Amino acid sequence: MSSTTETPMGKIITSLIIINRADQSAATRGFIQTEDIRSITLDNVLVDTGATTLCLPSEVIEQLGLELLKEVEVATATGLSKARIFQDAKISILGREGTYECLELPGGSNALLGVIPMEGLGIEPDLKHQKLKVLPEQSQDTYLTIL
């Protein structure tokens, strides 16, 4: 189960589970055993409203066996640099699940949870209380809209 912790520095730190969605699909179709689905629980994931997507360290991507999708140029604090995008990272956080692409971070960096997965899952940062807030899926207050 994922959780969110408050930190004294004004950051929101959370835990999340990441599953290789391709493995999960292969298990559903009987190509691999359920126990062979690669997954990992990450603690100390920084909720980063400056990051677009899920960002994972190289060693986590390797452990999960995620497939390379493409190479892109990304804007960072130090300027433009090349990065790799991987696919089929299924994340589970605060009772919500979704499958997203992830950006590879250079070695040793902590994972970042960016705005696209948060919006897709109906989770938003509550900066005042330094925690994540789960938005409603039901009723007229749902975060899901088609306009």
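This tour moves through a predicted model, stopping at its confidence, its largest pocket, a strand pair and several single residues.

**Confidence first**

Begin by colouring the whole protein by pLDDT, for which the mean is 88, with 86% of the residues reaching 70 or more. Then select residues 4–6, which make up strand β1, where confidence is lowest at a mean of 52, and set them beside residues 21–28, helix α1, where confidence is highest at 97.

**The largest pocket**

Next, turn to the largest pocket, whose volume is about 450 Å³. Of the 19 residues lining this pocket, select Cys55, Val74, Ala75, Thr76 and Leu103, which are the closest to its centre. To see which elements form the lining, show β5 (67–76), β6 (79–93) and β7 (96–105), the elements that each give two or more residues to it. Among the contributors to the lining, β6 gives the most, with five residues. If you colour the lining of the largest pocket by residue class, you will find ten nonpolar, five polar and four charged residues.

**The β5 and β6 pair**

Keep β5 and β6 on screen and hide the rest, so that the pairing is easier to follow. These two strands run in the antiparallel sense and are joined over nine bridges, and they form a hairpin with two residues between them. Select Val74 once more, this time together with Ser81 in β6, the residue that stands opposite Val74.

**Two residues with positive phi**

Most residues other than glycine have a negative phi. Against that background, select Asp88, which lies in strand β6 and has a positive phi of about 70 degrees although it is not a glycine. With a relative accessible area of 26%, Asp88 is partly exposed, because that class covers values between 20% and 50%.

Follow the chain onward to Leu94, which sits in the loop between β6 and β7. Leu94 is likewise a residue other than glycine with a positive phi, here near 50 degrees, and its relative accessible area of 25% makes Leu94 partly exposed.

**Into strand β7**

Now select Arg96, a residue of strand β7. Is the side chain of a charged residue such as this one buried or exposed here? Arg96 counts as buried, because its relative accessibility is 9% and the cut-off for burial is under 20%. Add Gly122 to the selection and display its backbone oxygen, which lies 3.2 Å from a polar atom of the Arg96 side chain.

Further along, select Cys102, which also has its place in strand β7. Cys102 counts as buried because its relative accessibility is 0%. Draw a distance from the C-alpha of Cys102 to that of Arg84, and the viewer should give 8.4 Å for two residues that are 18 apart in sequence.

**Last stop, after β10**

Finally, move to the segment after β10 (131–134), where Glu137 is found. How accessible is Glu137, and what class does that give? At 42% relative accessibility, Glu137 counts as partly exposed. To place Glu137 relative to another part of the chain, select Leu121 as well: the two residues are 16 apart along the chain, and their C-alpha atoms are separated by 9.5 Å.

Definitions and conventions: Residues are numbered from 1 along each chain as its sequence is written. This is a predicted model: local features need pLDDT of at least 70, side-chain atom pairs count only at pLDDT 80 or more; totals for chains, interfaces and linings use all residues. Side-chain values use heavy atoms; hydrogens and water are left out. On a 1 Å grid over the protein atoms alone, a cavity is a set of points where a 1.4 Å probe fits but cannot get out, and a pocket is an open set with protein on both sides within 12 Å along at least five of seven lines; lining residues have an atom within 4 Å of a point. Grid points are joined across faces, edges and corners, and a volume is the space filled by probe spheres set on the points. Helices (H or I, at least four residues) and strands (E, at least two) are DSSP runs, numbered from the N terminus. Ala, Val, Leu, Ile, Met, Phe, Trp, Tyr, Cys and Pro count as nonpolar, Asp, Glu, Lys and Arg as charged, and the others, Gly among them, as polar. Buried means under 20% relative accessible area, exposed over 50%, partly exposed in between (1.4 Å probe, protein chains only). A polar contact is a pair of N or O atoms within 3.5 Å; within protein, one must be able to donate a hydrogen and the other to accept it, and residues adjacent in sequence count only if both atoms are side-chain atoms. Two strands pair if DSSP finds at least two bridges between them. pLDDT is the predictor's confidence in each residue, from 0 to 100.
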